[in-house]
Amino acid sequence: MSDYIMAWSIYLLSAVAILVVFWRATSGVWTWLRDALRVILAVVVLTPASVDGTQENLAPAAIVAGYEFLTAQDGGLGPLLGVRMMLISAFGVVAAWLLRFLWNRLVVGRRAPNAAAEIGRAHV
């Protein structure tokens, strides 16, 4: 197994562990804020970026953006990657909120009257 595949495997396992811990840590947070925070962390941890511009080698975009921002003479690709990750995060948060709204409207909204009827019959 090549070093590149091994490094990505270790990174992805670590990312999944971080996401699981964060998922559990935010379980008590307000629903709409919780969804936004989870999406933003997933974007930051899981978005890849090209290292050398040829699309052959990829690395986590947050690491590439930080490295480019600190070492490039004229700014490099760091600010561009940062803006790209912010846009992906914004679209992800809007999509998560839209899915949450639709879930509450379509599924939970239909389930609530039936649940109230079941509770009413059980007490009679």
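Trainee: Is Tyr11 buried, partly exposed or exposed?
Mentor: Keep in mind that this is a predicted model. Buried would need under 20% relative accessible area, and exposed over 50%. Tyr11 comes out at 23%, so the word for Tyr11 is partly exposed.

Trainee: And what about Trp8, buried or exposed?
Mentor: Trp8 sits in helix α1, just like Tyr11, and the two are three residues apart, about one turn of the helix. The relative accessible area of Trp8 is 18%. The cut-off for burial is under 20%, so Trp8 is buried.

Trainee: What kind of aromatic pair do Trp8 and Tyr11 make?
Mentor: There's one aromatic pair in the structure. The ring centres of Trp8 and Tyr11 are 5.7 Å apart, with the planes at 90°. Planes over 60 degrees apart fall in one class, so this pair is edge-to-face.

Trainee: Which residue lies over the face of Trp23?
Mentor: Look at helix α2, residues 31-46. Several of its residues are buried, including Asp35, Val39 and one arginine that matters here, Arg38. At 3.7 Å from the ring centre, the residue over the face of Trp23 is Arg38.

Trainee: How far does helix α2 reach from its first C-alpha to its last?
Mentor: Helix α2 has 16 residues, and 1.5 Å a residue is the expected rise. The reach is close to what that predicts, namely 22 Å.

Trainee: Which residue of the nonpolar patch with Val83, Leu87 and Phe91 is at 59% relative accessibility?
Mentor: That patch is on the surface, with about 460 Å² of accessible area together. The residue you're after lies in helix α4, residues 78-123. At 59% it counts as exposed, and its name is Met86.

Terms used. Residues are numbered from 1 along each chain as its sequence is written. This is a predicted model: local features need pLDDT of at least 70, side-chain atom pairs count only at pLDDT 80 or more; totals for chains, interfaces and linings use all residues. Side-chain values use heavy atoms; hydrogens and water are left out. Rings of Phe, Tyr and Trp (its six-membered ring) pair if their centres lie within 6.5 Å; planes under 30 degrees apart count as stacked, over 60 as edge-to-face and the rest as tilted. Helices (H or I, at least four residues) and strands (E, at least two) are DSSP runs, numbered from the N terminus. Buried means under 20% relative accessible area, exposed over 50%, partly exposed in between (1.4 Å probe, protein chains only). A charge sits over a ring if NZ of Lys or CZ of Arg is within 6 Å of the ring centre and within 35 degrees of the ring normal. Patches are made of residues with over 30% relative accessible area and no salt bridge: like charges are joined within 9 Å, nonpolar side chains (Val, Leu, Ile, Met, Phe, Trp, Tyr) within 5 Å. Accessible areas come from the Shrake-Rupley method with a 1.4 Å probe; for residues, only the protein chains shown count as cover. A salt bridge is a side-chain nitrogen of Lys or Arg within 4 Å of a carboxyl oxygen of Asp or Glu. The expected span of a helix is 1.5 Å times one less than its number of residues.
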